[in-house]
Number of protein chains: 2
Amino acid sequence: MQRMTRQRLAVSETLAEIPEFVSAQQLHDELTARGDAVGLATVYRTLQALASAGEVDVLRLSDGELAYRRCARREHHHHLVCRACGTTVEIDGLTVEAWASLVGDSHGFTRIEHTVELFGLCPECSAEDAADPETVGEAR
Amino acid sequence: MQRMTRQRLAVSETLAEIPEFVSAQQLHDELTARGDAVGLATVYRTLQALASAGEVDVLRLSDGELAYRRCARREHHHHLVCRACGTTVEIDGLTVEAWASLVGDSHGFTRIEHTVELFGLCPECSAEDAADPETVGEAR
DNA sequence: ATAAGACTGAGAACCGTTGTCAACTTGGTC
DNA sequence: GACCAAGTTGACAACGGTTCTCAGTCTTAT
Ligand SMILES: [Zn+2]
Ligand SMILES: [Zn+2]
Ligand SMILES: [Zn+2]
Ligand SMILES: [Zn+2]
């Protein structure tokens with residue numbers, strides 16, 4: 001039976017207040033900074049649980065680490081993420097959904113799953129980039 | 001200046017003979033099995049070099065590890081990979097390419113990059129799966 | 001209040017990957 | 001061919017994110 005604990009609440013609520021995708025470690029740091037410390041192992045466990053319950057989305061950053069985000073919609077969707085500041089836009093991929101199953105079918109594959117993520121520079125970071133390409137960090 | 005060594009040749013040639021995506025460690029094992037041993041660090045270095053030279057494709061498996069494959073075409077493309085046996089089909093994604101830049105533009109994002117991979121069960125593995133869903137391994 | 005068992009957290013373990021550095025090639029030069 | 005500068009190798013250590021362990025703690029049903 002699932003129990004309600006201070007730790008789970010802290011993880012869940014804090015995650016809800018962060019609009020960008022964050023790694024388990026970043027969230028752990030944030031919790032600590034807020035004086036709401038939770039063990040790192042618990043942060044990992046809780047995020048996994050939230051993810052497999054479909055309450056949060058998981059994304060694998062280019063360096064391989066996992067990042068989590070509480071998205072507005074629970075239905076399947078994709079993300080457009082700013083590489084410099086992390087700003088994230090939720091995208092529904094009707095076009096890609098159709099494309100994916102079409103491609104799968106045409107090759108006789110079944111049980112198709114797809115990974116589709118978009119990365120770029122958001123409007124603000126694009127402006128900075130145009131002004132001086134060197135200063136635009138590639139944070140994620 | 002880049003030099004030609006026994007090790008680089010072994011890695012490059014062996015990779016060319018393996019039709020599936022393989023991890024650095026799998027390739028290292030294969031080389032050892034073929035009596036053509038190459039140090040693990042060298043396998044990693046060589047694969048990185050081949051990848052950044054655009055000679056091989058890199059894919060991140062669901063467990064996070066990197067896998068490499070010498071694809072037939074050097075132009076940008078995507079993959080449809082069998083989760084059970086690794087069979088891989090190269091896909092060109094004209095539809096997704098267009099979709100990705102359209103979505104990026106419509107949100108004012110620039111320098112869009114995309115990650116698009118399809119996973120499923122190939123025709124043979126689909127047949128096994130239909131016969132007995134329990135026996136179909138989920139190797140990758 | 002009590003007890004069963006779910007949960008926590010410090011630290012160890014894990015595992016893919018990268019760094020280190022002395023010894024070993026390779027390839028151009030004489 | 002001999003020589004040398006510098007690219008390359010590989011055993012091993014180190015790294016970083018994630019998972020495991022397990023004794024102690026807390027939640028919840030009764
Ligand atoms: Zn989302
Ligand atoms: Zn989708
Ligand atoms: Zn390819
Ligand atoms: Zn593409």
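**Close-up 1. His77(A), a buried residue in a loop of chain A.** In this predicted model, His77(A) has a relative accessibility of 6% and therefore counts as buried, the cut-off being under 20%. The residue sits in the loop that runs between strand S3 (66–69) and S4 of chain A. Its side chain makes a polar contact with the side chain of Asp57(A), at 2.8 Å, and a further polar contact, of 3.1 Å, joins the side chains of His77(A) and His79(A).

**Close-up 2. The zinc ion (ligand 2) and its donors in chain A.** The zinc ion (ligand 2) is coordinated by the NE2 atoms of His76(A), His78(A) and His114(A), and Glu97(A) is listed twice among the donors through OE, with distances of 1.9 to 2.7 Å. Along the chain, the donors of this zinc ion (ligand 2) are spaced as H-x1-H-x18-E-x16-H. Two of the histidines may be described by their accessibility: His76(A) is partly exposed, with a relative accessible area of 48%, whereas His78(A) counts as buried because its relative accessibility is 2%.

**Close-up 3. The zinc ion (ligand 4) and its donors in chain B.** Here the protein donors are His76(B), His78(B) and His114(B), each through NE2, together with Glu97(B), which is listed twice through OE, and they lie 1.9 to 2.7 Å from the zinc ion (ligand 4). The spacing of the donors of the zinc ion (ligand 4) along the chain is H-x1-H-x18-E-x16-H. His76(B), at 49% relative accessibility, counts as partly exposed, while His78(B), at 3% relative accessibility, counts as buried.

**Close-up 4. The largest pocket, lined by residues of chains A and B.** The space in the largest pocket amounts to about 1,700 Å³. Its lining is made up of 47 residues, and those closest to the centre of the pocket are Thr115(A), Arg60(B), Thr115(B), Val116(B) and Glu117(B). At least two lining residues are supplied by each of strand S2 (57–60), strand S4 (78–82) and strand S6 (110–121) of chain A, and likewise by each of strand S2 (57–60), strand S4 (78–82) and strand S6 (110–121) of chain B. The element that gives the most to the lining is S6(A), with seven residues. When the lining residues are divided by class, 15 are nonpolar, 16 are polar and 16 are charged.

**Close-up 5. The protein surface near DNA strand C, with residues from chains A and B.** There are 21 residues around DNA strand C, of which Arg3(A), Thr5(A), Arg8(A), Arg45(A) and Gln48(B) come nearest. Of the atoms of DNA strand C that come within 4 Å of the protein, 66% are accounted for by sugar and phosphate. Helix H1 (6–17) and helix H3 (40–52) of chain A, as well as helix H3 (40–52) of chain B, each supply at least two residues of this surface, and the largest share, four residues, comes from H3(B). The surface near DNA strand C has seven nonpolar, seven polar and seven charged residues. Among the individual approaches, a backbone N or O atom of Met1(A) lies 3.0 Å from a sugar or linking oxygen of DNA strand C, and an N or O atom in the side chain of Gln7(A) is 2.9 Å from a sugar or linking oxygen of that strand. From chain B, a polar backbone atom of Met4(B) is 3.5 Å from a phosphate oxygen of DNA strand C.

**Close-up 6. The protein surface near DNA strand D, with residues from chains A and B.** DNA strand D is surrounded by 21 residues, and the closest of them are Tyr44(A), Gln48(A), Thr5(B), Arg8(B) and Arg45(B). Sugar or phosphate accounts for 68% of the atoms of DNA strand D within 4 Å of the protein, and the rest belong to bases. H3 of chain A, together with helix H1 (6–17) and H3 of chain B, each supply at least two residues of this surface, with the largest share, four residues, coming from H3(A). By class, the surface near DNA strand D comprises seven nonpolar, seven polar and seven charged residues. Three approaches to phosphate oxygens of DNA strand D can be followed in this view: a backbone N or O atom of Met4(A) lies at 3.2 Å, an N or O atom in the side chain of Gln48(A) at 2.7 Å, and a polar backbone atom of Arg3(B) at 2.9 Å.

How values were computed: Residues are numbered from 1 along each chain as its sequence is written. Chains are lettered from A and ligands numbered from 1 in the order in which they are written. This is a predicted model: local features need pLDDT of at least 70, side-chain atom pairs count only at pLDDT 80 or more; totals for chains, interfaces and linings use all residues. Side-chain values use heavy atoms; hydrogens and water are left out. Donors are N, O and S atoms within 2.8 Å of the metal (3.2 Å for Na, K and Ca); water is not among the atoms, so sites may look incomplete. Buried means under 20% relative accessible area, exposed over 50%, partly exposed in between (1.4 Å probe, protein chains only). On a 1 Å grid over the protein atoms alone, a cavity is a set of points where a 1.4 Å probe fits but cannot get out, and a pocket is an open set with protein on both sides within 12 Å along at least five of seven lines; lining residues have an atom within 4 Å of a point. Grid points are joined across faces, edges and corners, and a volume is the space filled by probe spheres set on the points. Ala, Val, Leu, Ile, Met, Phe, Trp, Tyr, Cys and Pro count as nonpolar, Asp, Glu, Lys and Arg as charged, and the others, Gly among them, as polar. A residue is near a molecule or strand if one of its heavy atoms lies within 4 Å of it. A polar contact is a pair of N or O atoms within 3.5 Å; within protein, one must be able to donate a hydrogen and the other to accept it, and residues adjacent in sequence count only if both atoms are side-chain atoms.
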